[in-house]
Amino acid sequence: MTAWVRLLKKEMRLGMAALLGPIIAFFIALAIAAYFGSRYNVVWESFLGVALVLSGLLVFYLIYYMLNSLHMERKKLHLWLHSTMPGYGLLLAKLTAGLLSMLLTLLITGSTLLIAVNRSESISEQLQMIDITNLGLLAGTHLLLLAISFGVYAIFYWMIYLLFTSYLGSFLSFLATLAIFIGTSFAYSWFKMTELYDVLTNWGEVHLTGITESINISTNLETGTEVKTDVGNISFYFGAYVFEAFVVVALFAAASWMLDRKVEV
């Protein structure tokens with residue numbers, strides 16, 4: 001465990017640039033929003049829009065982080081693969097470092113979002129009927145789960161890419177990996193439309209009441225901000241989450257196996 005913690009600290013240092021990039025971009029976007037928003041007296045509404053968009057884009061954060069980290073590691077692949085740590089330990093350290101970086105970024109964008117909602121009188125008044133706390137927890141949890149899934153997908157296909165580079169050039173390996181990605185995506189989409197998928201996932205229905213199903217926020221520089229909400233019930237199947245977790249664990253295990261047994265230096 002001590003060796004893995006040291007590896008995690010090393011991954012955090014290596015990923016510092018990937019961490020700072022989105023945060024700096026976020027503050028630049030806030031500065032631009034403040035400039036244009038101040039001209040029409042919608043500064044907090046502009047901040048809310050930027051924070052909402054950037055928070056939503058964090059669902060792709062681990063794809064960005066993992067591909068950046070794995071690309072950097074490829075430059076010294078022989079040192080990385082000669083580590084005594086098993087493949088799952090190496091990959092898990094990178095995934096954990098990316099997740100911690102994502103949580104820090106989400107803390108910044110989410111805090112800005114909450115402050116903007118509270119400081120904007122027009123929006124805060126219209127959102128009084130919404131359970132903001134539960135809605136935020138629900139959205140944040142799904143964002144994290146999707147981000148982890150996407151991050152593991154990125155790891156899996158990167159391992160396939162590295163496997164191909166042992167036999168093909170970088171360009172042909174990229175094309176082969178892209179073809180596999182497209183093929184498996186179509187196959188998985190087809191499988192999700194089958195009865196077997198429904199049987200495996202449509203169980204354990206959970207109902208959430210009193211939470212807004214959708215929020216439509218539109219900001220116009222001339223007329224101001226309008227918020228339209230639909231309050232009702234939200235339901236989902238627990239089985240779908242269990243199935244997706246199984247797929248993610250299986251892909252992570254397959255990526256670790258390829259790193260240990262198939263990827264050559």
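**Notebook: second largest pocket and an aromatic pair**

I looked first at which helix dominates the lining of the second largest pocket. H11 gives the largest share, 10 residues. The model is predicted, and I kept that in mind throughout.

I then looked up the pocket itself. The second largest pocket holds about 780 Å³ of space. Helix H8 (132-165), helix H9 (170-191) and helix H11 (238-262) are the elements that each give two or more residues to its lining. I counted 26 lining residues in the record of this pocket. Ser149, Tyr153, Tyr188, Glu244 and Val248 lie nearest the centre. By class, the lining has 19 nonpolar, 5 polar and 2 charged residues.

Next I checked confidence. The protein chain averages a pLDDT of 81, and 79% of the residues score at least 70. H9 has the highest mean, 91. Strand S1 (residues 205-220) has the lowest, 58. Where pLDDT is low, the predicted coordinates should not be read in detail.

Then I turned to the aromatic rings. I found 14 aromatic pairs. I picked out Phe150 and Tyr153, whose ring centres are 6.4 Å apart. Their planes meet at 45°, so I logged the pair as tilted; the tilted class excludes angles under 30 degrees and over 60. Both residues sit in helix H8, 3 residues apart, which means about one helical turn separates them.

Is Phe150 buried or exposed? Neither: at 23% relative accessibility, Phe150 counts as partly exposed, because buried requires under 20%.

Last, I noted the cluster. Phe60 joins Phe150 and Tyr153 in one aromatic cluster. Tyr153 is also one of the residues nearest the centre of the second largest pocket.

Note on methods. Residues are numbered from 1 along each chain as its sequence is written. This is a predicted model: local features need pLDDT of at least 70, side-chain atom pairs count only at pLDDT 80 or more; totals for chains, interfaces and linings use all residues. Side-chain values use heavy atoms; hydrogens and water are left out. On a 1 Å grid over the protein atoms alone, a cavity is a set of points where a 1.4 Å probe fits but cannot get out, and a pocket is an open set with protein on both sides within 12 Å along at least five of seven lines; lining residues have an atom within 4 Å of a point. Grid points are joined across faces, edges and corners, and a volume is the space filled by probe spheres set on the points. Helices (H or I, at least four residues) and strands (E, at least two) are DSSP runs, numbered from the N terminus. Ala, Val, Leu, Ile, Met, Phe, Trp, Tyr, Cys and Pro count as nonpolar, Asp, Glu, Lys and Arg as charged, and the others, Gly among them, as polar. pLDDT is the predictor's confidence in each residue, from 0 to 100. Rings of Phe, Tyr and Trp (its six-membered ring) pair if their centres lie within 6.5 Å; planes under 30 degrees apart count as stacked, over 60 as edge-to-face and the rest as tilted. Buried means under 20% relative accessible area, exposed over 50%, partly exposed in between (1.4 Å probe, protein chains only).
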